[in-house]
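Grab your viewer and work through a few short exercises. Try each task before you read its solution.

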Amino acid sequence: MCFLGFGNYFCYDNPAALQTQVKRDMQVNTTKFMMLYAWYSWPNVVLCFFGGFLIDCIFEIDGAPFSCFVCVEQVVFALGGIFHAFWLMEFGRFVFGIGRESLAVAQNTAVSWFKGKELNLVFGLQLSMARIGSTVNMNLMGWLYSKVEASVGSAGHTPLAVTLMIGGITCILSLVCALALAYLDQRAERILHKEQGKTGEVIKLTDVKDFSLPLWLIFIICVCYYVALFPFIGLGKVFFTEKFGFSSQGASAINSIVYVISAPMSPVFGLLVDKTGKNIIWVVCAVVTTLASHMMLAFRLWNPWIAMCLLGLYSLLACALWPMVAFVVPKHQLGTAYGFMQSIQNLGLAVISIIAGMILDTWGYLFLEVFFIACVSFSLLSVVLLYLVKHAQGGNLNYSARQREEMKLSHAE
């Protein structure tokens, strides 16, 4: 389950690791470059939701069909470099989006194997392996491009295409893991007779309108937080080169420190949330830390390494926020809820990626950082509202681990 995300996240951040090379070799500006992220997100505004619906109704947690899309994408993406056709690279990212986000929904839904105190740790382990993939990408692809360029003997779109094709090997690892995960789930269903434990309730598309207010607030927190994270990382390499004077290698290193910290800390944070509970409090800590990080980068306060190390603590939000969905929706709707959450997240990422590129081309990095600060501030406001709503309803989102155990025992009696 954890290795499933390695190849997907490795390829997702290929443009960020090769931003300078892509813009130079394909002759595009920042706004056009950010379309590689926007085209990735657009199909998932709809398909993530229906991917989750299909997982609930048909595929269970079989991610193999979606993993095949990921493999096809990387080939198409690389072909865009071979033929010097940026539109083909955009189409490749579109195909990538179709598969990868629905695959992430299947991966998230697989946490139904785990319950109670294990839940946050499992999310942390998943995120850890995914971020190892992103870290390897950030530090490997630029070096790999230079080696391919030296081998070919000239710069241009051909070395870019070869580099992307080599990077696509990691997608095969994800496909193998998806097939293994599907087999293990089917085997567990036969052995444990999971069909007998089903409630008989059926998910309907119209159930979306009955999602609770706390769930909608979780969606808003997710969108407003991540739109200030991933688009920034996508632009980060050139940001540190131009604003702080880093070398290309140094810019790659500081841009990847977010993932370097996130990879080992994700399971630690997951275990921490499992042991303590108090999910909302941990979400507040993560959002406030990210807000401070963007303020430091915007106004050049202290060393940028400090700000990026703080940004690397974002995995605390993932470990505390995403498991909360399982607390507010029935199990038979879990895939649909996660799919809808990622659909809305992708809508935000698609729009903000374009806006970020336009702001950068027009007004520069200071205005871009102020924009990200506004997004994170709105996320913080939504967390406060979530706490107030659940406190009024007497819900369990901010219960301690002991309180949840006591509540579970009382229900069992």
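The exercises below use a predicted model.

**Exercise 1.** Work out what the protein chain is built from and what share of its residues is buried.

*Solution.* Start with secondary structure: the chain has 20 helices and 0 strands. Next, burial: 59% of the 413 residues are buried. Then look at the surface, where about 16,500 Å² is exposed and carbon and sulfur atoms supply 69% of that. Finally, take the contacts between residues at least 6 apart in sequence: 81% of them join residues at least 24 apart.

**Exercise 2.** Describe the geometry of helix α12, and decide whether it is largely enclosed or not.

*Solution.* Helix α12 covers residues 230–243, which makes 14 residues. From first C-alpha to last it reaches 19 Å, close to the expected 20 Å. Now check for bends: there's a kink of about 60 degrees, centred on Gly 236. On to burial: 12 of the 14 residues are buried, so α12 is largely enclosed by the rest of the structure. Among the buried ones are Phe 230, Pro 231, Gly 236, Lys 237 and Lys 243. Step just past the helix and you meet Gly 245, with a positive phi of about 75 degrees.

**Exercise 3.** Place His 84 and Lys 278 in their loops, then classify their exposure.

*Solution.* His 84 sits in the loop between α6 and α7. Its phi is positive, about 55 degrees, though it isn't a glycine. At 34% relative accessibility, His 84 falls between the 20% and 50% cut-offs, so it counts as partly exposed.

Lys 278 belongs to the loop between α13 and α14. This non-glycine residue also has a positive phi, near 55 degrees. Because its relative accessibility is 33%, Lys 278 counts as partly exposed.

Technical notes: Residues numbered from 1 in each chain as written. Predicted model: local features only at pLDDT ≥ 70, side-chain atom pairs only at ≥ 80, totals over all residues. Heavy atoms only, no water. Helix = DSSP H or I, 4+ residues; strand = E, 2+ residues; numbered from the N terminus. Expected span 1.5 Å × (residues − 1). Bend = angle between axes of the 7 residues up to and from the residue. Buried < 20%, exposed > 50% of the residue type's maximum accessible area, 1.4 Å probe, protein only. Contact = heavy atoms within 4.5 Å. Areas by Shrake-Rupley, 256 points an atom, 1.4 Å probe, with all protein chains shown as cover.
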